[in-house]
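Me: I'm new to this structure and would love a close look at just one part of it, the largest pocket. Could you take me through what surrounds it, and then show me how that part fits into the rest of the chain?

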Amino acid sequence: MDTFIVITQAFNGLSLFTILLLMSLGLAIVFGLMGVINMAHGELMTLGSYTTYLTARYFGQYFPGWMDFYLLAAIPLAFAVCFGAGYALERGFVRFFYKRPLDTLLATWGLSLILQQTYRSVFGAQEVSVPLPPWLAGAWQPVPGIDLPINRIFIVGLTLVVAGFVYLLFFRSRVGLRARAVTQNRVMSSAVGINTSQVDATVFALGSGLAGIAGAVFTMIGSTNPGTGQAYVVDAFVVVVFGGVASLLGTVASSFTIAQSQTVLEYVTSNTMAKVAVLALVVFALYLRPNGLFSPKARS
């Protein structure tokens, strides 16, 4: 019985880890490259959720026979919509606040309020939800006594695919090479011919697209309302800061550490006490390592 509990708790921690990673991956990319504190990141996640909701309604009305597979179209569509929205926001709004972190924070916070009110005007203040496809319902029972939700297994698999895509993009492509060069030395990158403005726009759009995927995934585990993003953006910032703002590896390690710690503490205490304890541990760790788990190295 104890073995079953350990396996179940480990899977719960893995599930929470993938959700935290999806939430924070896009934020880590934007924060690490441009130093932009994007308080509207949660609203971009909400946009992905509403895109999934509209896709489900469209399939239900025009393609009811394909309704079981609407999610396979909604996830890439949420990425595309949020990618385009992020590109437009960077070109038309965010780029005017570079090198002014406090102004960026206030501006994107104001933008998040505008987006929340826009969602409220378009979709209403009530929560909306989407039907879970039958092939994602139920649980997989590897052995008697252990039930693993299939939708959570799907989220784990999707997160691995997304993380692999981000790794290949940033460490095995010319686009990633330019982005890493700008992160390390923006002035020198510009001097050797890299269009840093275009890199900023593309990376901000990519981070927004990843937020859209996170929003699509959240519809599988909960309902959506105009303030949904604000419930998750704080957790995403904690993950990014704890891992190190310029480190994708730090984001992965931070997500895993926080998820497993919170899952164990929830089992022995309660959900609220677990969140408080994890936050206290993160604050203590940042006191010892102010730059996070994986801080970038620099010459003194």
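## The largest pocket and its surroundings

Reply: Happy to! Let's begin with the kinds of residue around the pocket: its lining divides into 15 nonpolar residues, four polar ones and four charged ones. Please keep in mind that this is a predicted model, so everything below describes a prediction.

How much space lies in the largest pocket? About 580 Å³. There are 23 lining residues in total, and those closest to the pocket's centre are L16, L20, D235, Q262 and K275. If you would like a place to start on the 3D view, try picking out those five.

Next, look at which parts of the chain the lining comes from. Four elements each give two or more residues to it: α1 (2-34), α9 (230-243), α10 (248-268) and α11 (271-288). Among the contributors, α1 supplies the largest share, with six residues.

Two of these helices are worth following a little further, starting with α10. Helix α10 is where you will find Q260. Beyond its neighbours up to four places away in sequence, Q260 touches Q9, A10, G13 and L14. The C-alpha atoms of Q260 and L16 are 7.9 Å apart in space, although 244 residues separate the two along the sequence. You have already met L16 as one of the residues closest to the centre of the pocket.

Now for α1, the helix that also holds L33. Is L33 buried or exposed? L33 counts as buried because its relative accessibility is 9%, and the cut-off for buried is under 20%. Setting aside residues up to four places away in sequence, L33 touches A179, V182, T183, R186, V199, D200 and V203. There is also a long jump in sequence to notice here: L33 and S247 are 214 residues apart along the chain, while their C-alpha atoms are separated by 9.8 Å.

From here we can step to another helix, α8 (residues 196-218), which contains G207. G207 is buried, with a relative accessible area of 1%. Apart from neighbours within four places in sequence, G207 is in contact with G26, V30 and H41. Measuring C-alpha to C-alpha in the model, G207 and C82 lie 8.8 Å apart, with their positions 125 residues apart in sequence.

One more stop is S49, in helix α2 (residues 41-62). S49 is buried too, with a relative accessible area of 2%. Its contacts, leaving aside neighbours within four places in sequence, are G215, A216, F218, T219 and T224.

Finally, let's zoom out to the whole chain. It has 11 helices and two strands, and reading along the sequence gives the pattern α-α-α-α-β-β-α-α-α-α-α-α-α. The C-alpha atoms fill a box of roughly 60 × 50 × 35 Å along the principal axes. A compact globule of 300 residues would have a radius of gyration near 19 Å, and the 20 Å of this chain agrees with that. Of the 300 residues, 45% count as buried. The chain exposes about 15,100 Å², with carbon and sulfur atoms supplying 67% of that area.

The jumps in sequence we followed have a counterpart in the overall contacts: among those between residues at least 6 apart in sequence, 76% join residues at least 24 apart.

Key:
Residues numbered from 1 in each chain as written. Predicted model: local features only at pLDDT ≥ 70, side-chain atom pairs only at ≥ 80, totals over all residues. Heavy atoms only, no water. 1 Å grid on protein atoms, 1.4 Å probe; cavity = no way out; pocket = protein on both sides within 12 Å on 5 of 7 lines; lining within 4 Å. Points joined across faces, edges and corners; volume = space filled by probe spheres on them. Nonpolar A, V, L, I, M, F, W, Y, C, P; charged D, E, K, R; others polar. Rg over C-alpha atoms; globule rule 2.2 N^0.38 Å. Buried < 20%, exposed > 50% of the residue type's maximum accessible area, 1.4 Å probe, protein only. Contact = heavy atoms within 4.5 Å. Areas by Shrake-Rupley, 256 points an atom, 1.4 Å probe, with all protein chains shown as cover.
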